[in-house]
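User: I should like to understand the terms applied to this structure. Please set each value against its definition.

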Amino acid sequence: MMDDIKTLRENLDSEIKRNEAILSCLKEGILAMDSSGVVLKLNQKAREMLGLKSAKAEGLPVSLICGQNELADFVKEGLVARDSFEKEIKLDGPNEGFALASRSPMSGSSGEHIGMVVALNDITQLRRLANFRRDFASNVSHELRTPITSIRGFAETLLGGAIEEPSTARHFVEIINKHANRLSSIIEDILTLSSLEQGEAIELMAQPVRNVIAKAIDGLSGKAAEKKIGVHLECAQSIEAPINGPLLESAISNLVDNAINYSDENTAINVSAFVEGDVVLITVRDQGYGMERQHSDRIFERFYRVDKARSRKAGGTGLGLSIVKHVVLAHHGKVTVESEPGKGSVFTITLPASDNR
Ligand code: ADP
């Protein structure tokens, strides 16, 4: 008999361990309680989602471990209603996020109600992505609306008779042309960003960075000259890094373009590249308007601008720095800014000097 009991015990132990293992590898948080709301079991994921770490939860009232939040209400309702129900809830505490919670009543062997199981599906990432898409769509529509409204307005005025007055007509057509260009810049930038965001690895080839930087500066020499801004380059021909020439050129071109846009006439821009340990640093320094710290933390976000009117006047889309950030990330590097209002800004691109990741 002792042997039988021992075997039974061993079987029971291994059954418990197996169940524990199954519960702990589930991606969902599982929380089981009896009909009075006392916690019977919860798995590791539920602990993480509720921010419980290793504190003991079994044997405690569920209200004590949930606190006062949407989950607590969901559980309370379920204990009364004894129903099966699904709802999206917000999780607070240290692991703030969102979960798709579903509750199901538990029945004993003769069908009596013995408690409830709540499964929590972590949908925080999905929710963030959905919010991000929604914000992006609304920002894009907002950005497109302004030039479209202007184009329509001026076209209607022309059709209404202004077309007969050559000097006015020319002026209006110029405005229409400007807004049409703006529309095409916004769309081009959105397409560039979305292709960068596909996350596909870009082709990187070890090559001197000087030529790429010089090309970017060259492309903007006319614009710089119009504002009497000198753009100076300091970079040894020997500096090499694994780069994608056209993409890095577009990133540097964006930075130099901004430096021109957000500086007064008769100032200078210094672009330099140097090696520091195992990285190559490329800096674009201007003597322009600069910005407060609260802005410099956010300017790499899409459509974020310090001064909307100034950006529009310069033909900006609010996407340039997001493109820079994504190009640099695709190079396994980073981009940072240091800026002081009225003094100027320094943007620094840091790239790995060799491809030995
Ligand atoms: P935009 O098309 O408006 O220039 P960006 O994404 O390139 O968009 O830049 C975002 C914002 O960051 C700009 O609108 C501007 O307010 C600010 N900014 C960017 N570069 C500079 C700079 N060199 N000096 C001052 N402000 C800058």
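Analyst: A polar contact is a pair of N or O atoms within 3.5 Å; within protein, one must be able to donate a hydrogen and the other to accept it, and residues adjacent in sequence count only if both atoms are side-chain atoms. The model is predicted: local features need pLDDT of at least 70, side-chain atom pairs count only at pLDDT 80 or more, and totals for chains, interfaces and linings use all residues. Residues are numbered from 1 along each chain as its sequence is written, and side-chain values use heavy atoms, with hydrogens and water left out.

User: What makes the approach of G318 to the ligand a polar contact?

Analyst: A backbone N or O atom of G318 lies 2.8 Å from an oxygen atom of the ligand; the limit is 3.5 Å, so the pair qualifies. A polar backbone atom of V306 is 3.0 Å from a ligand oxygen, and a side-chain N or O atom of S345 is 3.4 Å from a ligand nitrogen.

User: Why is the pairing of E15 and R18 called a salt bridge?

Analyst: The term requires a side-chain nitrogen of Lys or Arg within 4 Å of a carboxyl oxygen of Asp or Glu. The side chains of E15 and R18 meet at 2.9 Å, N to O, so the criterion is satisfied. The structure holds 20 salt bridges.
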